[in-house]
Amino acid sequence: MALPKISEARELTDEQLSNEILAVKKRLFQLRLQKATRQLEKPHQFRHARHRLAQLLTVEHERKRASVSQATSEAE
């Protein structure tokens with residue numbers, strides 16, 4: 001299974017992005033719980049989930065920076 005592409009995350013709306021971030025955080029929690037109870041069968045899922053979360057947070061941060069820079073340029 002290949003790692004997800006950041007272009008997919010950039011296509012999401014702001015609401016979808018927030019929902020996806022929350023879903024990935026829940027998935028990471030479930031994976032940690034499975035690991036603690038020794039029920040985890042696919043440890044590579046940690047890497048995929050962390051990678052996806054980093055992508056989503058990056059896109060969210062990019063959008064926030066872009067909106068702040070627009071607001072400052074309009075104020076000048």
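Here is a short conversation about this predicted model, going from its overall layout to single residues.

User: Nice to meet this protein! Which pattern does it follow when read along the sequence?

Analyst: Welcome! The protein has three helices and zero strands. Read along the sequence, the pattern is therefore written with helix symbols alone, where a helix is a DSSP run of at least four residues: α-α-α.

User: What radius of gyration does the protein have, next to that of a compact globule of 76 residues?

Analyst: Let's begin with the box that the C-alpha atoms fill, roughly 55 × 20 × 15 Å along the principal axes. A compact globule of 76 residues would have a radius of gyration near 11 Å. The protein, in contrast, has 16 Å.

User: What percentage of the residues in the protein is buried?

Analyst: A residue counts as buried when its relative accessible area is under 20%. Leu-56, with 0%, is buried by that cut-off, and Arg-52 counts as buried too, at 12%. Over the 76 residues of the protein, the buried share is 21%.

User: What part of the exposed area do carbon and sulfur atoms supply?

Analyst: The protein exposes about 6000 Å². Of this area, carbon and sulfur atoms supply 52%.

User: How far apart do the centres of the positive and negative side chains lie?

Analyst: There are two sets to look at here: 15 positive side chains and 10 negative ones. Each set has its own centre, and the two centres lie apart by 13 Å.

User: How many salt bridges does the count come to?

Analyst: Side chains of opposite charge can pair when their charged atoms come close. Here Glu-62 pairs with Arg-10, Asp-14 with Arg-63, and Arg-52 with Glu-20. The count of salt bridges comes to three.

User: How many residues apart in sequence are the parts that Glu-62 and Arg-10 tie together?

Analyst: In this salt bridge, the closest N and O atoms are 3.0 Å apart. Glu-62 lies in helix α3 (residues 44–75) and Arg-10 in helix α1 (residues 6–10), so the pair ties together parts whose separation in sequence is 52 residues.

User: Is Arg-10 buried, partly exposed or exposed?

Analyst: The cut-offs are under 20% for buried and over 50% for exposed, with partly exposed in between. The relative accessible area of Arg-10 is 41%. Its partner Glu-62 has 35% and is partly exposed. Arg-10, by the value of 41%, is also partly exposed.

User: Which helix holds Arg-63, the partner of Asp-14?

Analyst: The side chains of Asp-14 and Arg-63 meet in a salt bridge of 2.8 Å, N to O. This pair links distant parts of the chain, 49 residues apart, with Asp-14 in helix α2 (residues 14–36) and Arg-63 in helix α3.

User: And for the pair of Arg-52 and Glu-20, which residue counts as buried?

Analyst: The two side chains meet in a salt bridge at 3.9 Å, N to O. The pair links Arg-52 in helix α3 with Glu-20 in helix α2, 32 residues apart. Glu-20 is partly exposed, with a relative accessible area of 30%. At 12%, which is under the 20% cut-off, the buried one is Arg-52.

User: Leaving aside neighbours within four places in sequence, which residues is Glu-20 in contact with?

Analyst: One of them is its salt-bridge partner, Arg-52. Thr-72 is 52 residues from Glu-20 along the chain, and their C-alpha atoms are separated by 29 Å. The contacts of Glu-20 are Leu-12, Arg-52 and Leu-56.

User: Leu-56 came up again. Which residues does it touch, not counting those up to four places away in sequence?

Analyst: Leu-56 lies in helix α3 and is buried, with a relative accessible area of 0%. Its C-alpha is 11 Å from that of Pro-4, which is 52 residues away in sequence. The residues touched by Leu-56 are Ala-9, Leu-12, Leu-17, Glu-20, Ile-21 and Val-24.

User: Which value is phi of Arg-38 near?

Analyst: Most residues other than glycine have a negative phi. Arg-38 is found in the loop between α2 and α3, and it is exposed, with a relative accessible area of 80%. Its phi is positive, near 60°.

Methods: Residues are numbered from 1 along each chain as its sequence is written. This is a predicted model: local features need pLDDT of at least 70, side-chain atom pairs count only at pLDDT 80 or more; totals for chains, interfaces and linings use all residues. Side-chain values use heavy atoms; hydrogens and water are left out. Helices (H or I, at least four residues) and strands (E, at least two) are DSSP runs, numbered from the N terminus. The radius of gyration is taken over C-alpha atoms; the globule rule is 2.2 Å times the number of residues to the power 0.38. Buried means under 20% relative accessible area, exposed over 50%, partly exposed in between (1.4 Å probe, protein chains only). Accessible areas come from the Shrake-Rupley method with a 1.4 Å probe; for residues, only the protein chains shown count as cover. Lys and Arg count as positive and Asp and Glu as negative; His and the chain ends are not counted. The place of a charge is taken as NZ of Lys, CZ of Arg, CG of Asp or CD of Glu. A salt bridge is a side-chain nitrogen of Lys or Arg within 4 Å of a carboxyl oxygen of Asp or Glu. Contact means heavy atoms within 4.5 Å.
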